[in-house]
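Me: I am new to this structure and would like a close look at a single part. Please take the packing of two helices and the core around them.

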Amino acid sequence: MSATSQKTVLITGTSSGIGLAAAVAAARAGWRTVATLRDPSRADALRKAAAEAGVELDIRQLDVTDEASVAAAVDGVIADHGRLDAVVNNAGAGHVGTLENESLAEIREVMEVNFFGVVNVSKAVMPHLRATGGRLITVTSVGGVIGQPFNEAYCAAKFAVEGYMESLAPVARTVGVAVSVVEPGAVATEFVNNLGIDLEGAINAAGPYSGALRQYVNRTVAQFTDGAQTPAGAAEAVLGAMTAEQPAFRIQTSDWARAFVATKLTDADGSAVQSLTSAWVS
Ligand code: NAP
């Protein structure tokens, strides 16, 4: 493909996990893939995976919490490739804690990465997606639909992203941009290790919540040990959102995730809400 005809995707948080797998899957599917990381010195696993898959990636620095970094990455992509056809807001970070045991500063930090980071990147790329009739895809979580114990701040951030994107989708559609959220359940990535906390220490320090936290941690460890999806499996759903002719607003990454959100949602793919609200603006 020539420099102007090859579709270009930018993905955030590609040092590991779903972002890394999505970058490799997108490149393998023929997309020019801009794989971004907040710390380029952590690109070894990404480079290795790309080499093993025999694909080329354009690796760039992007910290979703830093407006200047986002602007520099997006401007650089447009200067070098001239187009953006899809953007995958994948970067995110988990957090385990409960109201009495976490500071406002910690809760704000969770919102900063998982919510404001998504808005920051989306704002910078929207004019370019508008130019190509592109896709704005955000990896949220089943925790963006169902609040989960000891995940108050994380789920609040993911609910916020889902609310933001559900509201944006009918508006973006009027200018030719498809907005989707991708909802994984447990995926075997660095997500739990990257929590950066000593779980045993946290349980011991949790006072009246110690027993409940231990039970939650045991359940979560078992879920990640026995039932976690592979990052490649979750990445398939991301690729589906990039390539489907008319992607659904809500895309769960597994049958388990679909059944879990159906505990709460009667509109699991978001089509009923989208057709209702799209009618307000078209
Ligand atoms: P992961 O392996 O920990 O990957 C998270 C990625 O986000 C890492 O590359 C990390 O980069 C990056 N990141 C964190 N803060 C960032 C920032 N400020 N700027 C740019 N990048 C940043 O976990 P994962 O499971 O693949 O997570 C990907 C997405 O899936 C997240 O949005 C997560 O909430 C969501 N999710 C995961 C699961 C799961 O079970 N794994 C379930 C539901 C939803 P560093 O290497 O620099 O930290």
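Reply: What follows describes one helix pair and then the nonpolar core. This is a predicted model, in which local features need pLDDT of at least 70 and side-chain atom pairs count only at pLDDT 80 or more, while totals for chains, interfaces and linings use all residues. Residues are numbered from 1 along each chain as its sequence is written, and side-chain values use heavy atoms, with hydrogens and water left out.

Helices (H or I, at least four residues) and strands (E, at least two) are DSSP runs, numbered from the N terminus. The axes of H1 and H2 lie 10 Å apart and meet at an angle of about 30 degrees; axes are lines fitted to C-alpha atoms, for helices over the stretch in contact, and angles run from 0 to 180 degrees between N-to-C directions. H1 is therefore roughly parallel to H2, a term for angles under 35 degrees. On the H1 side, Leu20, Ala23, Val24 and Arg28 make the contact, and on the H2 side Ala45, Leu46, Ala49, Ala50 and Ala53. Contact means heavy atoms within 4.5 Å.

Leu46 also belongs to the largest nonpolar core, which has 34 residues. Such a core is a set of buried Ala, Val, Leu, Ile, Met, Phe, Trp, Tyr and Cys residues joined through side-chain atoms within 4.5 Å, where buried means under 20% relative accessible area (1.4 Å probe, protein chains only). Helices H1 (17–28) and H2 (44–53) are among the elements that each supply at least two residues of this core. H1 gives the largest share, nine residues.

How values were computed
Buried < 20%, exposed > 50% of the residue type's maximum accessible area, 1.4 Å probe, protein only. Parallel < 35°, antiparallel > 145°, perpendicular 65-115°, else oblique.
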